[in-house]
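Trainee: I am new to this structure and would like a close look at a single part of it. Could you take me slowly through one buried region and what surrounds it?

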Amino acid sequence: MRARFPKQRPTLPSAYAALYEQEYKRNRGSHNATPDFKQRLENWMHRRVSEVRAPDGDILEIGAGTLNHVPWEHEERAYDVVEPFAALYRDRPALGHLRSVYRSVEEIPATLRYAKVVSVAVLEHIEDLPSLVARSALLLLDDGVA
């Protein structure tokens, strides 16, 4: 039986990769004035995650994508993100609110600790979920929330 983790994603040919990036960004981009069901559901998830109160300290978001969760965290805290797909956040206004951007949790210095670690509708896409969860737990303050 094949191990479930880490998952292996095939490399896309360059023409498909460009199309994938274009469509992914379009899907994650701004929405019209009358949000569809998908957008309402996403807003509900962001609201629920942002309502979780944490002790004083920094926030880490796993799988930040287009940085659409950043505005939901209203408290003035240092905000770091993990996002390997730089094309998603490269031109986003919320980028100016971040302290650090990492491509993986392994890049985060072991000396950092977070009061809150969040992830919104991302974990099902992670290639090595057990490692990510373990490393995230090590980065969490003793009284932190995830």
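Mentor: Before we begin, contact here means heavy atoms within 4.5 Å, and the model we are looking at is a predicted one. With that in mind, let us start from Ile 108, which, when residues up to four places away in sequence are not counted, touches Leu 60, Val 82, Tyr 102, Tyr 114, Arg 135 and Leu 139. Ile 108 belongs to the largest nonpolar core, a set of 14 residues in which Leu 60, Ile 62, Val 82, Ile 108 and Tyr 114 are those with the most contacts inside it. At least two residues of this core come from each of strand 1 (59–62), strand 4 (114–118) and helix 3. A second core, separate from this one, has 10 residues, among them Ala 64, Leu 67, Val 81 and Val 118.

One of the residues that Ile 108 touches, Arg 135, deserves a careful look of its own. Arg 135 lies in helix 3, which covers residues 129–139, and although Arg 135 is buried, it has no salt bridge. The nearest side chain of opposite charge is that of Glu 106, which is 5.8 Å away, and a salt bridge would need a side-chain nitrogen of Lys or Arg within 4 Å of a carboxyl oxygen of Asp or Glu. Even so, Glu 106 is listed among the contacts of Arg 135, together with Val 105, Ile 108, Pro 109 and Ala 110, once neighbours within four places in sequence are left aside.

Definitions and conventions: Residues numbered from 1 in each chain as written. Predicted model: local features only at pLDDT ≥ 70, side-chain atom pairs only at ≥ 80, totals over all residues. Heavy atoms only, no water. Helix = DSSP H or I, 4+ residues; strand = E, 2+ residues; numbered from the N terminus. Buried < 20%, exposed > 50% of the residue type's maximum accessible area, 1.4 Å probe, protein only. Lys, Arg positive; Asp, Glu negative; His and termini not counted. Core = buried A, V, L, I, M, F, W, Y, C linked by side-chain atoms within 4.5 Å.
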